[in-house]
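Trainee: Could you walk me through reading burial, ring pairs and strand pairing in a model like this one?

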Amino acid sequence: MENVYIIGAGARGRLAYQIFSEGGVEVQGFISSEPKGTTVEGVPVVCSIDEFVEGYLSGKVDALFLGIGDNYERFQIHNHGIRLAQNLLPSIFFYNIHLLY
């Protein structure tokens, strides 16, 4: 996968990034409420969740992972209809938001 992004640049998003990085997966950017252009673990925040929903990265995402722990925010992402990848590395399981509700 070439275009991997993580929603959320907090503790869970950074943990996801570290796991992917250790597995040899290059994360292209974070989708976060942090200011665009901010770097997290050396990776840029490319847009907000609202910008993503509006099509900011349209056609540029191969895999999208959720790195947010707040249930309200997770629910909002679910309501936007954002499709998330479940597994990237065979030994690691990331819960798809649909499993939580």
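Trainee: Is Phe-20 buried or exposed?

Mentor: Buried means under 20% relative accessible area. In this predicted model, Phe-20 has a relative accessible area of 0%, so Phe-20 counts as buried. Phe-65, at 1% relative accessibility, counts as buried too.

Trainee: How many aromatic pairs are there?

Mentor: Rings pair if their centres lie within 6.5 Å, and planes neither under 30 degrees nor over 60 apart count as tilted. The count here comes to two aromatic pairs. In one of them, Tyr-17 and Phe-30 sit 6.2 Å centre to centre with 50° between the planes, a tilted pair. Tyr-17 belongs to helix H1 and Phe-30 to strand E2, so this pair ties together parts 13 residues apart in sequence. Both Tyr-17 and Phe-30 are buried. The ring centres of Phe-20 and Phe-65 are 4.9 Å apart with planes at 55°, so that pair is tilted as well. Since Phe-20 lies in helix H1 and Phe-65 in strand E5, the pair links parts 45 residues apart in sequence.

Trainee: Which strands does E1 join, and do they run parallel or antiparallel?

Mentor: Two strands pair if there are at least two bridges between them. E1 is joined by four bridges to E2 (residues 27-31), and the two run parallel. Tyr-5 has Gly-29 as its bridge partner in E2. From E1 the chain passes through helix H1 (residues 11-22) to E2, a right-handed β-α-β crossover. Four bridges also join E1 to E5 (residues 63-66), again parallel, with Ala-63 in E5 as the bridge partner of Val-4.

Trainee: What about the two faces of strand E1?

Mentor: Both are covered: Val-4 and Ile-6 on one side, and Tyr-5 and Ile-7 on the other, are all buried.

Terms used: Residues numbered from 1 in each chain as written. Predicted model: local features only at pLDDT ≥ 70, side-chain atom pairs only at ≥ 80, totals over all residues. Heavy atoms only, no water. Buried < 20%, exposed > 50% of the residue type's maximum accessible area, 1.4 Å probe, protein only. Right-handed = clockwise from strand over helix to strand, strands pointing away. Phe/Tyr/Trp six-rings, centres within 6.5 Å; stacked < 30°, edge-to-face > 60°.
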